[in-house]
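Work through the following exercises with the sequence and the structure in view, and try each task before reading its solution.

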Amino acid sequence: MANSSSSTMRQRIILQKRVMTENPYGEQVESWEDVTPINASVEPLVGKEFFRSGSGALPQVQAEVDTRIRIRSRKGLNPAEHRIVHGGVVYDLVAVIPDRERRQTQLMVKARAAQQPDGSKVNG
């Protein structure tokens, strides 16, 4: 595991949380709210890498990730409820992995494809 000193976590990411609200027509609308800025180490992965979750008799899920983000230990992160923004790129959480000593949390993330005004996609 990488050193958890603040010198290795020189980049700032923004943790966001999913917020569901109701529009005037009674429909549920998803939006995202900034929770907090966090010091992090953002490490792009080379090529396509896959992360497997699950253990023992449980089925394994294989998901593509393109970036690893290391932060100080943080509880309560949930891939279904949180995402990361860094340098204008939105990353979906694929897996949240605490280290054994609970000093760091490793976030395996995938850049979200963003829609441009002309309909083309970026980031994925």
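**Exercise 1.** State how much area the protein chain exposes and what share of it comes from carbon and sulfur atoms.

*Solution.* In this predicted model, the exposed area of the protein chain is about 8,100 Å². Carbon and sulfur atoms supply 48% of that area. Turning from area to residues, 30% of the 124 residues in the protein chain count as buried.

**Exercise 2.** Describe the secondary structure of the protein chain, and find where confidence is lowest and where it is highest.

*Solution.* Begin with the elements: the protein chain has zero helices and eight strands, which follow one another from the N terminus as β-β-β-β-β-β-β-β. Next, take the confidence: the mean pLDDT is lowest, at 51, in strand S8 (residues 121-122), and highest, at 97, in strand S4 (residues 82-86). Over residues 115-120 the pLDDT is below 50, and the model gives this stretch four contacts beyond near neighbours in sequence. As a caution for reading such stretches, predicted coordinates should not be read in detail where pLDDT is low.

**Exercise 3.** Decide whether threonine 67 is buried or exposed, and describe its surroundings.

*Solution.* First locate the residue: threonine 67 lies in strand S3 (residues 61-72). Its relative accessibility is 5%, and because buried means under 20%, threonine 67 counts as buried. Then look at its partners: leaving aside residues up to four places away in sequence, threonine 67 touches, among others, Val42, Pro44, Tyr91 and Met108. Finally, the side chains of threonine 67 and aspartate 66 are joined by a polar contact of 3.1 Å.

Conventions:
Residues are numbered from 1 along each chain as its sequence is written. This is a predicted model: local features need pLDDT of at least 70, side-chain atom pairs count only at pLDDT 80 or more; totals for chains, interfaces and linings use all residues. Side-chain values use heavy atoms; hydrogens and water are left out. Helices (H or I, at least four residues) and strands (E, at least two) are DSSP runs, numbered from the N terminus. Buried means under 20% relative accessible area, exposed over 50%, partly exposed in between (1.4 Å probe, protein chains only). Accessible areas come from the Shrake-Rupley method with a 1.4 Å probe; for residues, only the protein chains shown count as cover. pLDDT is the predictor's confidence in each residue, from 0 to 100. Contact means heavy atoms within 4.5 Å. A polar contact is a pair of N or O atoms within 3.5 Å; within protein, one must be able to donate a hydrogen and the other to accept it, and residues adjacent in sequence count only if both atoms are side-chain atoms.
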